[in-house]
Amino acid sequence: MIFLKFLYIYIFYCLLVFSFYLYSHKLDANPPSRIIELENDVKILREKLDKINHKAEYGYFFKHDQEMLQRHARNNTIWIISTNKEMLPIAYNLLCSIAHFDPSLIDYIVFHAVDVEAKIALERHRWHDEWRFDAKNGTIPTFGKKWGYGVLYNPLFSGSSVRPSWSDPAYEKMMRQKPSFFLTILRTMGLNLLFSDADILYYYDPLKFVMSDYLTGSADLSLSTDARNMFDSIGSDWERYTSKTTKIPSFCGGLFFARSNNRTILFFEKLELFLEEAYDMNVQTGFEQVLEEKTKLQLVGRLPRGLTTKPGINSDKLYSNRDIIPAINRTSENEDILTVHILDQWQFINGIVYERHQAKWEEDRTKLTGDEVQVMKHANFPKENGQNLKLEKMKKYGWLLLDDDNETCLPLRPTITQSSEETL
């Protein structure tokens, strides 16, 4: 019996030595690259394990983060704005636009700091004793009256922008993690989500609009559009919505509202899985594909000018220009249908359409009446010759409300209207 035990130990020892010999011999063939490859594999596995453990325990947010989000919630809704260090001036510009009509709203904003540099700057910025507002009526002290905006930073899912840019690695990393980020708010915390890019100017409280059951049909999702033309303009027939089976116009991830319910949670779970499998796809394209190909949906709420529904595709019957599509009367048969509201281009204008149709937009905007208020402008101007001219164009059109010191909000300036020759 003792002999067999020693024999087993001896055989195991020989196998171990032989395995080590084979492994060493394999490394000798190309030792540096093999070692690097193994180290990278281990690093990737550790990162995945860390994320799995963290997600299981916190849903991507630590407990103190969740408490902070609850503090800044309004009407069971959290308003999230993502920014990195490079985009901070534009994020501060957004605050200036809100300060012009209701500074107290800033208490209900949470900035998602994508890199540690943005986190540090935002926290310093929040605690300034006084925000100087250069207007005729003098100085308006402080943006908020309670605690200022919130700052959310999670080192596990953010990074450090050594050389920050409009699309630095940390920002791209955040973009791909958006579905999991959104699910934490909708599923784990049970909060509604109003998500906004930093390059937006607000003229009206967006939450008042997207939570209007009458205007939006109690939609599960309210989406802004990335369409390149006005829906009612001549020459817009090339837009994706003209396809007979297309359910929604081009979606813009720069501003949307999602109610916390089983339908939106299921949608973002599908999106999370879809992007894990289609790793090279950007979030906005993935969002559209999951809506179009993997989701039963129906349009509700006031239909934007120039838009017509497609019975059997995105509505129960034909609706057109400015009709208000009623909310779905929920039954067991339609409980899984995701309702979507498309935000109007006159009230929620994007920079691409603004440049192409500025004269028409400015003229039609004066005709807005009653609840047709202008809510925001989105400075998502296209690049020109590979250059991002966002700040230059914002200044040109009077959209830049922040002085060079990043502390002084300038008064609203009149909008610059292009000549007819410049307008496409």
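Colleague: What makes the 8 strands in the order 4-2-1-5-8-7-12-9 an open sheet with edges?

Modeller: In this predicted model, 8 strands follow the order 4-2-1-5-8-7-12-9, and their pairing is mixed. Strands pair if DSSP finds at least two bridges between them; a strand is a DSSP run of E of at least two residues and a helix a run of H or I of at least four, both numbered from the N terminus. Strand 4 (150–152) and strand 9 (297–299) each have a single partner strand, so one side of each is left without a neighbour in the sheet. The twist from one strand to the next averages 30 degrees.

Colleague: How do you know that strand 7 and strand 12 pair?

Modeller: The rule asks for at least two bridges, and 3 bridges join strand 7 (residues 221–225) to strand 12 (residues 338–342). The two strands run parallel, and Leu-223 stands opposite Ile-342 in strand 12.

Colleague: Which strands of the sheet does helix 4 touch, and which does helix 5 touch?

Modeller: Helix 4 touches strand 1 (77–83), strand 2 (109–113) and strand 5 (192–196), and its direction makes about 175 degrees with that of strand 2. Helix 5 touches strand 1, strand 2 and strand 4, at about 170 degrees to the direction of strand 4. Contact means heavy atoms within 4.5 Å; axes are lines fitted to C-alpha atoms, for helices over the stretch in contact, and angles run from 0 to 180 degrees between N-to-C directions. The two helices also meet each other: Leu-88, Tyr-92 and Leu-95 in helix 4 are in contact with Ala-118, Ala-121, Leu-122 and His-125 in helix 5.

Colleague: Why is helix 7 called roughly antiparallel to helix 10?

Modeller: Helix 7 (residues 178–188) and helix 10 pack at about 160 degrees, with their axes 9 Å apart. Angles under 35 degrees count as roughly parallel, over 145 as roughly antiparallel, 65 to 115 as roughly perpendicular and the rest as oblique. Helix 7 is therefore roughly antiparallel to helix 10.

Colleague: Why, then, is the pair of helix 10 and helix 11 called oblique?

Modeller: Helix 10 (residues 262–277) and helix 11 (residues 283–294) pack at about 120 degrees, their axes 10 Å apart. That angle falls in none of the named ranges, and the pair is therefore oblique. Residues in this contact include Phe-267 and Leu-271 in helix 10, and Val-283 and Phe-287 in helix 11.

Colleague: How do you know that Cys-96 and Cys-409 form a disulfide?

Modeller: A disulfide is a pair of cysteine sulfur atoms within 2.5 Å, and the sulfur atoms of Cys-96 and Cys-409 are 2.2 Å apart, which satisfies the rule. The count by this rule is 1 disulfide. Cys-96 lies in helix 4 (residues 88–99) and Cys-409 in strand 15 (residues 408–409), 313 residues apart, and the pair thus links distant parts of the chain. The link is left-handed, with -80 degrees about the S-S bond.

Colleague: What makes strand 6 and strand 13 edges of the other open sheet?

Modeller: That sheet has 3 strands in the order 6-14-13, with mixed pairing. Strand 6 (200–202) and strand 13 (348–350) each have a single partner strand, so one side of each is left without a neighbour. Strand 13 runs parallel to strand 14 (residues 376–378), joined by 3 bridges; Phe-348 has Met-376 as its bridge partner.

Colleague: What rules apply to the model as a whole?

Modeller: Residues are numbered from 1 along each chain as its sequence is written, and side-chain values use heavy atoms, leaving out hydrogens and water. As the model is predicted, local features need pLDDT of at least 70 and side-chain atom pairs count only at pLDDT 80 or more, while totals for chains, interfaces and linings use all residues.
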